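Please open the structure in your viewer with the sequence panel beside it, and keep a selection tool ready. The tour moves from one selection to the next and says what is found at each stop.

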Amino acid sequence: MNIEQLREDRQKWMTWKNIKPLRDALDKLQEIECSVELGDVVKITSEDAYDVEDTARMMMPWRKGPFQIFDTFIDTEWKSNIKYNLLRPYFNLKDKRVADIGCNNGYYLFRMQEDSPKSLVGFDPSPLYKTQFDFINHFVKSDIVYELLGVEHLEFYEEKFDTIFCLGVLYHRSDPVAMLKQLFKGLDKKGEVILDTFYIEGDDEMCLCPASSYSKIPNIYFVPTIKALKHWCLRAGFSEFEVLEVSKTDASEQRKTDWIEGQSLEDFLDPEDSTKTVEGYPAPARVYVRLIKDKK
Ligand SMILES: C[S@@+](CC[C@H](N)C(=O)[O-])C[C@H]1O[C@@H](n2cnc3c(N)ncnc32)[C@H](O)[C@@H]1O
């Protein structure tokens with residue numbers, strides 16, 4: 001696969017009729033002296049007044065964040081700081097080549113700069129999320145590379161990685177073991193993957209296969225027990241599987257804000273029993289794992 005050609009082809013996605021006006025708005029952004037704070041809120045401040053609210057609103061829906069850009073607080077659907085802070089004790093990215101697969105608008109990548117990694121590369125085939133990234137990065141001016149590529153391109157990528165994050169992507173793939181093999185091939189010899197996915201309770205190696213949606217999300221294919229997930233990972237070639245954390249998603253982490261259209265978590269759960277989704281499946285719970293390529 002020719003990654004350079006793919007990169008070039010996908011650049012044309014920026015001319016799609018829903019994306020082009022956003023790119024035009026980006027081109028009009030002023031250069032402005034500003035400071036960046038990489039806390040729970042990725043915050044950009046300046047002594048000069050600059051109103052970017054209309055530009056930010058054009059780029060809705062904003063799923064991952066939050067961000068504060070001058071006087072505009074982008075109160076994203078997800079408080080992604082909760083996931084980042086949960087994982088924070090489990091990684092040290094100093095001098096590492098790092099990829100975030102399914103990086104969305106780059107919220108985690110911006111925060112990962114705090115570790116001084118050797119390089120940071122985001123993969124996400126969404127021109128909208130890349131545009132959100134470019135908007136934030138216009139002010140942050142990071143060295144983060146954002147590729148409009150998917151996990152399926154990782155094994156052909158020009159660079160191998162020491163640490164790959166792949167958060168919230170596995171359940172969207174119709175062939176999860178194939179995806180885990182792609183992550184495996186994207187790693188350098190001593191590399192690690194930090195991954196999360198929905199899981200169901202149970203001691204057996206079983207899997208929930210939603211009929212047409214899970215928690216109203218249509219493209220969820222498999223929700224495994226932790227034991228089934230472990231077997232997928234070992235069969236993909238990883239030599240070590242370590243559970244880092246488990247967590248339930250609640251309305252303090254995912255909720256409707258005026259930076260998204262439509263519904264959020266509260267509409268996806270059974271109104272009479274919040275332990276179940278509207279489809280009657282167990283409510284979303286996540287497991288966070290570390291996978292080691294080769295522990296020798
Ligand atoms: C549920 S979101 C997870 C975002 C973020 N990683 C997190 O955990 O908060 C899934 C992301 O995967 C991206 N995505 C879709 N297809 C993909 C693919 N083939 N490879 C990598 N990412 C993909 C979507 O655009 C979206 O940003």
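What follows is a walk through a predicted model, taken stop by stop.

**The four-stranded sheet**

Begin by selecting β1, β2, β4 and β5, which in that order form an open sheet of four strands with mixed pairing. The strands at the edges are β1 (35-38) and β5 (72-74), and because each has a single partner strand, one side of each is left without a neighbour in the sheet. From one strand to the next, the twist averages 10°.

Now restrict the selection to β2 (residues 42-45) and β4 (residues 67-69), which pair in the parallel sense over three bridges. To find one of these pairings in the viewer, pick K43, whose bridge partner in β4 is Q68.

**Two cis peptide bonds**

Move next to P61, which is found in the loop between α3 (53-58) and β3 (64-65), and display the backbone there: the peptide bond that joins M60 and P61 is cis, with an omega of about 5°. Then go on to P66, whose place is in the loop between β3 and β4; here G65 and P66 are joined by a cis peptide bond as well, with omega at about 15°. Both stops deserve a glance at the backbone torsions, because most peptide bonds are trans.

**Helix α2 against helix α6**

Select helix α2 (residues 20-27) together with helix α6 (residues 127-140), and you will see them pack at an angle of about 5°, with their axes 10 Å apart. That angle makes α2 roughly parallel to α6. To show the contact itself, add the side chains of L22, R23 and L26 from α2, and those of T131, D134, F135 and H138 from α6. Coloured by residue class, the residues of this contact divide into three nonpolar, two polar and two charged.

Stay in α6 and centre the view on F135, which has its place in this helix. Is F135 buried or exposed? There are 23 other C-beta atoms within 10 Å of F135, and it is therefore buried. Leaving aside residues up to four places away in sequence, F135 touches L26, T55, A56 and M59. For a view across the model, draw a distance from F135 to S239: the two are 104 residues apart in sequence, and their C-alpha atoms are 40 Å apart in space.

**Strand β7 and its surroundings**

Select strand β7 (residues 97-101) next, where four of the five residues are buried, so that the strand is largely enclosed by the rest of the structure. Adding strand β8 (residues 119-123) shows that β7 and β8 pair in the parallel sense over five bridges, and within this pairing A99 has V121 as its bridge partner in β8.

Two residues in the loops around β7 are worth picking for their backbone angles, because most residues other than glycine have a negative phi. D95 lies in the loop between α4 (80-87) and β7, and although it is not a glycine, D95 has a positive phi of about 60°. N104 lies in the loop between β7 and α5 (107-112), and N104, also not a glycine, has a positive phi of about 55°. Their surroundings can be read from the neighbour counts: D95 has 11 C-beta neighbours inside 10 Å and so counts as exposed, whereas N104 is buried, with 25 other C-beta atoms within 10 Å.

**Around the ligand**

Keep N104 selected and bring up the ligand. Which residues come nearest to the ligand? Of the 16 residues around the ligand, the nearest are G102, N104, G150, L167 and G168. The residues of this shell divide into seven nonpolar, six polar and three charged.

**R173 and K230**

Proceed to R173, which is found in the loop between β10 (161-167) and α7 (176-186). With 20 other C-beta atoms within 10 Å, R173 is buried; 20 is also the count from which a residue is classed as buried. Apart from residues up to four places away in sequence, R173 touches M179 and Y221.

The last selection is K230, whose place is in helix α8 (residues 226-235). K230 is partly exposed, with 19 other C-beta atoms within 10 Å. To finish, draw a line from K230 to T197, 33 residues apart along the chain, whose C-alpha atoms are separated by 12 Å.

Conventions. Residues are numbered from 1 along each chain as its sequence is written. This is a predicted model: local features need pLDDT of at least 70, side-chain atom pairs count only at pLDDT 80 or more; totals for chains, interfaces and linings use all residues. Two strands pair if DSSP finds at least two bridges between them. Axes are lines fitted to C-alpha atoms, for helices over the stretch in contact, and angles run from 0 to 180 degrees between N-to-C directions. Angles under 35 degrees count as roughly parallel, over 145 as roughly antiparallel, 65 to 115 as roughly perpendicular and the rest as oblique. Two residues are in contact if their C-beta atoms, placed from the backbone, lie within 7 Å. Ala, Val, Leu, Ile, Met, Phe, Trp, Tyr, Cys and Pro count as nonpolar, Asp, Glu, Lys and Arg as charged, and the others, Gly among them, as polar. A residue is near a molecule or strand if its C-beta atom, placed from the backbone, lies within 6 Å of it. A residue is buried if 20 or more other C-beta atoms lie within 10 Å of its own, exposed if 12 or fewer, and partly exposed in between; C-beta atoms are placed from the backbone.
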